[in-house]
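The following note gathers numbered comments on the structure shown below. They run from the whole chain to single residues.

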Amino acid sequence: MALGRAYSVALVGLNGYIVEVEADIGQTLPAFVLLGLPDASLNEARDRIRSAAQNSGIPLSRRKITANLIPASLPKRGSGFDLAIAMSVLRAAEDIRPTGRTVFIAELGLDGRLRPVRGILPAVMSAVQAGFHDIVVAQANAAEAELVPGAKVRGYRTLARLVFDFGADPQELVLDFAPEDEPAGTGPVSSDTPVPDMCDVSGQAEARGALEVAAAGAHHLLLIGPPGAGKTMLAERLPGLLPDLRDTEAMEVTAIHSLCRLPSAGVQLVRRPPFENPHHSATAAAIIGGGSGLPRPGAASRAHRGILFLDEAPEYERRVLDALRQPLESGELVIHRSAGAAAYPARFQLVLAANPCPCGKASGKGIECTCTPYMRRRYMSRMSGPLLDRVDIQLQVDRVSLADFGQSGGAENSATVGARVLAARASQLQRLQPWGMETNSQVSGRILRGELRLASATTRILDHALERGVLTARGYDRVLRLAWTLADLAGREQPDGNDIGQALSLRQTASAAA
């Protein structure tokens with residue numbers, strides 16, 4: 001008997017590693033041994049594979065079967081290795097011809113069906129990048145796998161059909177199931193979900209303008225105001241102002257969501273920026289990512305290239321909010337656990353909404369507020385200074401006046417505002433292309449004070465604020481980024497003094513009110 005060999009992919013975060021599956025059939029008593037750090041679900045593959053092969057008409061050898069997953073030091077988890085192990089064992093028994101450099105990713109049912117698995121898109125992307133272009137997956141995963149350029153995907157419904165194509169003797173194979181046994185597909189998953197429109201917002205001219213600036217430059221945003229002022233309504237309409245994701249961005253976002261959602265019969269690229277709105281009772285693992293074993297992505301990674309909206313922000317645990325500081329700077333989350341570390345992209349746009357105090361009535365004159373000064377300070381201090389220093393726009397949202405209430409008919413819709421945002425982003429892309437950046441929010445202080453340095457007469461008010469300690473060095477750079485975005489929206493080549501003043505007011509309005 002020969003040594004059987006097949007290939008699969010092990011995912012650690014979004015990074016995939018080619019796993020070589022070796023199988024050997026010994027001359028001792030019947031046994032099935034799995035080597036190479038398999039987890040519990042992978043250890044269960046032994047019984048799944050035996051039953052699947054038996055019910056497909058190509059039973060495994062009754063001798064000792066040893067399957068080794070290389071590299072042995074890399075932890076393996078999940079049922080996606082079932083098919084590769086089965087193919088290597090059948091090759092070791094010489095029931096099929098050599099599989100070559102084909103990658104197999106699928107779970108096996110006891111009846112021999114190929115079941116879909118999560119994370120098929122990043123797995124196939126990693127295989128193609130490693131030079132393995134021939135991919136075999138379950139039929140229900142084929143549409144998702146075919147999204148990867150350069151992948152030659154074959155989808156199969158049963159193990160019997162697959163081994164038949166690899167030279168197995170067809171006489172004993174159970175090639176088809178009855179029509180009534182056909183598994184019901186979940187249908188394609190559409191990314192074109194309805195987005196709330198800006199024309200629904202009554203009044204709030206200043207907040208609408210701030211939202212447009214935030215969308216144009218991908219700036220983080222804090223909205224502070226009383227209950228019912230429209231903070232949540234405004235935040236939910238921010239995704240409708242953002243342009244569609246480009247091909248590479250769409251692949252990144254779809255790959256992350258492929259790890260999180262249940263396998264489906266069809267998947268489309270996520271073309272719209274995602275919007276994540278976790279409840280304030282969410283844990284750090286739910287927002288940042290984590291879990292037992294290798295960590296899984298949280299809401300911050302699922303919001304990659306989109307919006308992470310934290311409503312009632314002071315109600316979140318402070319350690320959860322502070323954990324966002326690192327990805328706000330780096331655009332990546334690296335989560336360490338005992339089983340290993342996983343890296344997930346997390347370049348999201350953070351939107352925070354908060355009441356001015358626990359009772360929510362401290363806005364305006366605050367006559368009806370029942371909170372003591374200590375209660376207000378304690379409430380707002382849950383959002384730490386270092387976190388707020390990373391938020392570009394901090395805006396006070398006042399109550400809607402009676403004159404503005406219900407008068408949204410003449411307001412601009414999201415398509416009109418989105419056209420201006422798209423034009424501003426095109427200007428940014430052209431200006432920042434030499435440094436490999438896309439939006440003003442990504443520009444470093446070295447560039448702002450170097451190649452993009454403004455005249456001292458233009459930044460005089462900003463320099464004065466830094467001298468008086470009103471702004472930190474990080475805040476200084478973020479005001480400059482805002483000013484560049486305001487200039488892009490106005491069609492100017494660079495900011496002027498008015499842009500600097502307006503950018504400074506956008507950053508200080510809420511802090512002054514609080």
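1. The protein contains 20 helices and 20 strands. The model is predicted, and every remark below should be read with that in mind. Along the principal axes, the C-alpha atoms occupy a box of roughly 85 × 50 × 45 Å. Of the 514 residues, 51% count as buried. When contacts between residues at least 6 apart in sequence are considered, 73% of them join residues at least 24 apart.

2. An open sheet of five strands deserves comment. Its strand order is E13-E16-E19-E11-E20, and the pairing is parallel. Strand E13 (275-276) and strand E20 (393-396) form the edges; each has a single partner strand, so one side of each lacks a neighbour in the sheet. Strand E11 (residues 221-224) pairs with E20 in the parallel sense through four bridges. Within this part of the sheet, Leu-223 is placed opposite Leu-395 of E20. Helix H7 packs on the sheet, where it touches E11, strand E19 (349-354) and E20, and its direction makes about 170 degrees with that of E20.

3. The geometry of H7 can be checked against expectation. Helix H7 comprises the 13 residues 205-217. At 1.5 Å a residue these should span 18 Å, and the end C-alpha atoms are 19 Å apart, which agrees with the expected value. The helix is mostly covered, with ten of its 13 residues buried. Among the buried residues are Arg-208 and Glu-212, as well as Leu-211, Val-213 and Gly-217. Several alanines of H7 are also buried, including Ala-207, Ala-210 and Ala-214.

4. The residue that follows H7 merits a separate remark. Ala-218 comes after the helix and lies in the loop between H7 and E11. The phi of Ala-218 is near 60 degrees, a positive value in a residue other than glycine. With a relative accessibility of 16%, Ala-218 counts as buried, because the cut-off for that class is under 20%.

5. Glu-312 also has a positive phi, of about 55 degrees, although it is not a glycine. Its position is in the loop between strand E16 (307-310) and helix H12 (318-322). What is the exposure class of Glu-312? The residue is partly exposed, with a relative accessible area of 26%.

6. A cis peptide bond should be noted in the backbone. The bond from Ile-70 to Pro-71 is cis, with omega near 5 degrees. Pro-71 belongs to the loop between strand E4 (64-70) and helix H3 (82-92).

7. The packing of two helices is the next point. Two packed helices are described by the angle between their axes and by the distance between those axes. For helix H4 (residues 120-129) and helix H9 (residues 247-260), the angle is about 125 degrees and the axes are 6 Å apart. That angle makes H4 oblique to H9. The contact residues divide into seven nonpolar, two polar and no charged. On the H4 side they are Ile-120, Leu-121, Pro-122 and Met-125, which meet Met-251, Thr-254, Ala-255, Ser-258 and Leu-259 in H9.

8. A charged residue in the sheet calls for inspection. Glu-276 is located in strand E13, which stands at an edge of the sheet. Is Glu-276 buried or exposed? Its relative accessible area is 15%, and Glu-276 is therefore buried. Leaving aside neighbours within four places in sequence, Glu-276 is in contact with Ala-299, Arg-302, Ala-303, Ile-307, Leu-308 and Phe-309. A reader examining this site may wish to view Glu-276 together with Arg-302, one of its contacts.

9. The last point concerns an aromatic residue. Phe-164 is part of helix H6 (residues 159-165) and counts as partly exposed at 33% relative accessibility. Not counting residues up to four places away in sequence, Phe-164 touches Pro-170, Leu-173 and Leu-175. The C-alpha atoms of Phe-164 and Val-174, which are ten residues apart along the chain, are separated by 9.9 Å.

Notes: Residues numbered from 1 in each chain as written. Predicted model: local features only at pLDDT ≥ 70, side-chain atom pairs only at ≥ 80, totals over all residues. Heavy atoms only, no water. Helix = DSSP H or I, 4+ residues; strand = E, 2+ residues; numbered from the N terminus. Expected span 1.5 Å × (residues − 1). Buried < 20%, exposed > 50% of the residue type's maximum accessible area, 1.4 Å probe, protein only. Axes fitted to C-alpha atoms, helices over the stretch in contact; angles between N-to-C directions. Parallel < 35°, antiparallel > 145°, perpendicular 65-115°, else oblique. Contact = heavy atoms within 4.5 Å. Nonpolar A, V, L, I, M, F, W, Y, C, P; charged D, E, K, R; others polar. Pairing = 2+ DSSP bridges.
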